[in-house]
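Visitor: I am new to this structure, and I would like to understand how the words used for it are justified. Could you show it to me?

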Amino acid sequence: MKTVDNIANKNRPLVVIDENLNKLRDKIRFPKKLEKANKMLETGKLPDKK
């Protein structure tokens, strides 16, 4: 990640995202934690509104 030197042009972002990160987009990095989080979302309950 690199920053843009000229910040006078406000139409451009201040940070440029590295395109090599796109190869990690479809990979599941932590499958056990993902499974646990999905299970918690399925079985969890929302608090009652008063």
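Guide: What follows is a short conversation about the terms and the values behind them. This is a predicted model, in which local features need pLDDT of at least 70 and side-chain atom pairs count only at pLDDT 80 or more, while totals for chains, interfaces and linings use all residues. Residues are numbered from 1 along each chain as its sequence is written, and side-chain values use heavy atoms, with hydrogens and water left out.

Visitor: What makes the pattern of the chain β-β-α?

Guide: Helices (H or I, at least four residues) and strands (E, at least two) are DSSP runs numbered from the N terminus, and the chain has one helix and two strands, which read along the sequence as β-β-α.

Visitor: How do you know that the span of helix α1 agrees with what is expected?

Guide: The expected span is 1.5 Å times one less than the number of residues; for the 13 residues of α1 (residues 31–43) that should give 18 Å, and the end C-alpha atoms are 18 Å apart, so the two agree.

Visitor: Why is V15 called partly exposed?

Guide: Buried means under 20% relative accessible area and exposed over 50%, with partly exposed in between (1.4 Å probe, protein chains only); V15 has 35%, and is therefore partly exposed. V15 lies in strand β2 (residues 15–16).

Visitor: What share of the 50 residues in the chain is buried?

Guide: Buried residues make up 0% of them, and in α1 the count of buried residues is likewise zero.
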